[in-house]
Amino acid sequence: IPARFEIGVEVPARVRVGEPFDTTVRLTNRGGHRRDVVVRQRWRSPRPLVCEMVAFAGVVNGHAQTAATALRTPIARGAAETCEVEIEVNGPFGFFSRTMTHAIRRGLVSLPRATAPLEFIAGQAFLLAGQDFRAGAVAGSTTDDDVRGVRDWRTGDQISQVHWRSVVRTGRMTVVERGGHSRGTLTIVVVAPGKRGRPVKDATFEAALATAAATAVTARRHGIPTCFVAQARNSGAASGVAHPTDEVSLLECFGRVAVAAPAGDALLEHALSHAARGGTLLVVASRATPDAWRARLCTAAAAACVVA
């Protein structure tokens, strides 16, 4: 873009599929001549998250600024780190034109569509594939009322669970953790690969992911910790596991996920270790997920999940 033009883009950092949001594009003509321009804005991403926007078409006077705001609706889940602004400058009488494209570091995360959460039970495993799911008990999951230990206080715990001797000794609010009353971790495992490293193009998978996201948010609001597991291509075990500390980071996991490889042994072991301690295992798959991947996870969970 010539030095006499300055561009600014204002958008929310996070949007949700199906929910409109405002995009504002500002164009400043630093030169002294009037310019007849057409300004378009879009995001760089493997698949379109939002339709391209024609922000402005008309004349901008010298040393003047114009701004255009449009209401747009995300059409797909995903993330983009850079947006592009294209300026087409038309010459006098329309005899010639010149098009220039400028990249701006203005990220956008499109979260899954809002939907109803799944009603889950601690110590269960669920396989989600669109609106269909199957459930079964997690092997080794503790569901009795035996005392399993003492842990720090979490939102949602009852005052009757407080371990007062530990409170007096350590000065920290702690509670007795019992098998039948434990708020175990909700672990989400995503096993829906894209072809040749590209994002999954499957409405079934997107519906399943939206249900999982709604379930995870509901669980977190009730004080249940979450673990997110998804294996990306050429990434190690550590990079495939996330323990979101708040609702925003939790939703970003669902917005950014793009699975390209089956979950490795280390990831499965990590996920099942949470489930075996009174937690819940939620597996998100697509109808295109290879049977071998599903079989591997089902075997690891001791047949807790069946193919949907």
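**Exercise 1. Determine how strand β8 pairs with β9, and place both strands in their sheet.**

Solution. Begin with the pair itself: strand β8, which covers residues 82-90, runs antiparallel to β9, and eight bridges hold the pairing. Strands here are DSSP runs of E with at least two residues, helices are runs of H or I with at least four residues, and both are numbered from the N terminus. Two strands count as paired if DSSP finds at least two bridges between them. One of the bridges joins Cys83 to its partner Ile104 in β9. Next, widen the view to the open sheet, whose four strands follow the order β5-β4-β8-β9 with antiparallel pairing. The edge strands are β5 (53-60) and β9 (97-104), each of which pairs on one side only. From one strand to the next the twist averages 20 degrees, where axes are lines fitted to C-alpha atoms (for helices over the stretch in contact) and angles run from 0 to 180 degrees between N-to-C directions.

This is a predicted model, in which local features need pLDDT of at least 70 and side-chain atom pairs count only at pLDDT 80 or more, while totals for chains, interfaces and linings use all residues. Residues are numbered from 1 along each chain as its sequence is written, and side-chain values use heavy atoms, with hydrogens and water left out.

**Exercise 2. Find which parts of the chain are linked by the salt bridge between Arg256 and Glu81.**

Solution. Start from the rule: a salt bridge is a side-chain nitrogen of Lys or Arg within 4 Å of a carboxyl oxygen of Asp or Glu. By this rule the count is 17 salt bridges. In the bridge between Arg256 and Glu81, the closest N and O atoms are 2.7 Å apart. This pair links distant parts of the chain, since Arg256 belongs to helix α3 (residues 247-256) and Glu81 to the loop between β7 (78-80) and β8, 175 residues apart. Then consider accessibility, for which buried means under 20% relative accessible area, exposed over 50%, and partly exposed in between (1.4 Å probe, protein chains only). Arg256 has 39% relative accessibility and so counts as partly exposed, and Glu81, with 36%, is also partly exposed.

**Exercise 3. Describe the geometry of the aromatic pair of Phe228 and Phe254, and say why it is called edge-to-face.**

Solution. First recall that rings of Phe, Tyr and Trp (its six-membered ring) pair if their centres lie within 6.5 Å, and that planes under 30 degrees apart count as stacked, over 60 as edge-to-face and the rest as tilted. The count by this rule is one aromatic pair. Its ring centres, those of Phe228 and Phe254, are 5.0 Å apart, and because the planes stand at 75 degrees, the pair is edge-to-face. Phe228 lies in strand β16 (residues 226-230) and Phe254 in helix α3, so the pair ties together parts that are 26 residues apart in sequence. Phe228, at 6% relative accessibility, counts as buried, and Phe254 is buried with a relative accessible area of 0%.

**Exercise 4. Compare the span of helix α2 with the expected value, and state how enclosed α2 is.**

Solution. The expected span of a helix is 1.5 Å times one less than its number of residues. Helix α2 (residues 203-221) has 19 residues and reaches 27 Å from its first C-alpha to its last, close to the expected 27 Å. Because 14 of the 19 residues of α2 are buried, the helix is largely enclosed by the rest of the structure. Just after α2, Gly223 takes a positive phi of about 85 degrees.
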